[in-house]
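Here is a set of short exercises to work through with the model open beside you. Try each task yourself before reading the solution under it.

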Amino acid sequence: MTRDDDPAIEYSPLSGQVTQDGETVEVHIFRAPGSTAGWALEVVDSDGGATVWEDLFVSDGDAYAEFRAVVESAGIASFRLDLPTAMKH
């Protein structure tokens, strides 16, 4: 599914592919159009495994900052679901 396939979801311009240390993930930051409830964060690894945050973020910038904080502290490979030490975010 692409972003254009679902008009009922508003994607942040901060969404997109991120590659670091040979690993590529897709960052999805989204909400219902016009919603004030907050932004959801999902990171999809190269095998299609998804890491989804349970809490919403006040802004798309806050969601992206959380993604970057995890990458800085645990590495981008921490999003791979086949790792034995996979983290819950």
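**Exercise 1. Start from one ring.** Decide whether Phe-67 is buried or exposed, then find its aromatic partner in helix 1.

*Solution.* Step one: with a relative accessibility of 0%, Phe-67 counts as buried. Here buried means under 20% relative accessible area, exposed means over 50%, and partly exposed lies in between (1.4 Å probe, protein chains only). Before going on, please note that this is a predicted model, in which local features need pLDDT of at least 70 and side-chain atom pairs count only at pLDDT 80 or more, while totals for chains, interfaces and linings use all residues. Residues are numbered from 1 along each chain as its sequence is written, and side-chain values use heavy atoms, with hydrogens and water left out.

Step two: apply the ring rule. Rings of Phe, Tyr and Trp (its six-membered ring) pair if their centres lie within 6.5 Å; planes under 30 degrees apart are stacked, over 60 edge-to-face, and the rest tilted. This rule gives four aromatic pairs. In one of them, Tyr-64 and Phe-67 sit 5.7 Å centre to centre with 45° between the planes, a tilted pair.

Step three: place the pair. Tyr-64 and Phe-67 are about one helical turn apart, because three residues separate them in helix 1. Tyr-64 is partly exposed at 24% relative accessibility. Ring pairs also link Trp-53, Tyr-64, Phe-67 and Phe-79 into a cluster.

**Exercise 2. Lay out the fold.** Work out how many helices and strands the chain has, and in which pattern they follow one another.

*Solution.* Step one: count elements, taking helices (H or I, at least four residues) and strands (E, at least two) as DSSP runs numbered from the N terminus. The chain has five strands and one helix. Step two: read along the sequence, which gives β-β-β-β-β-α. Step three: add the overall burial, which is 37% of the 89 residues.

**Exercise 3. Examine strand 4.** Explain why strand 4 is largely enclosed, and name the strands that pair with it.

*Solution.* Step one: check burial. Five of the five residues of strand 4 (residues 40-44) are buried, so the rest of the structure largely encloses this strand. Ala-40, Glu-42 and Val-44 lie on one side, with Leu-41 and Val-43 on the other, and both faces are covered.

Step two: find the neighbours, where pairing requires at least two DSSP bridges between two strands. Strand 3 (residues 23-31) is antiparallel to strand 4 over five bridges, and Leu-41 is the bridge partner of Ile-29. Strand 5 (residues 50-52) is also antiparallel to strand 4, over three bridges, with Ala-50 as the bridge partner of Val-44.

Step three: look at the turn. Five residues lie between the strands in the hairpin of strand 4 and strand 5, and Gly-48 there has a positive phi near 95°.

**Exercise 4. Trace the core.** Identify which residues of the largest nonpolar core touch the most other members.

*Solution.* Step one: a nonpolar core is a set of buried Ala, Val, Leu, Ile, Met, Phe, Trp, Tyr and Cys residues joined through side-chain atoms within 4.5 Å. Step two: the largest core has 15 residues, and Val-25, Val-27, Leu-41, Val-43, Trp-53, Phe-67 and Phe-79 touch the most other members. Step three: strand 3, strand 4 and helix 1 (60-74) each supply at least two residues of this core, and helix 1 gives the largest share, four residues.

Step four: zoom in on Val-43, using contact to mean heavy atoms within 4.5 Å. Leaving out residues up to four places away in sequence, Val-43 touches, among others, Val-25, Trp-53, Phe-67 and Phe-79.

**Exercise 5. Follow the charges.** Find which residues the salt bridges of Arg-80 join into one network.

*Solution.* Step one: a salt bridge is a side-chain nitrogen of Lys or Arg within 4 Å of a carboxyl oxygen of Asp or Glu. The whole structure holds four. Step two: Arg-80 bridges Glu-23, with the closest N and O atoms 3.9 Å apart. Glu-23 is in strand 3 and Arg-80 in the segment after helix 1, 57 residues apart. Step three: Asp-47 also bridges Arg-80, at 2.8 Å between the closest N and O atoms. Shared partners thus join Glu-23, Asp-47 and Arg-80 into one network. Step four: compare exposure. Arg-80 is buried at 15% relative accessible area, whereas Asp-47 is exposed at 58%.
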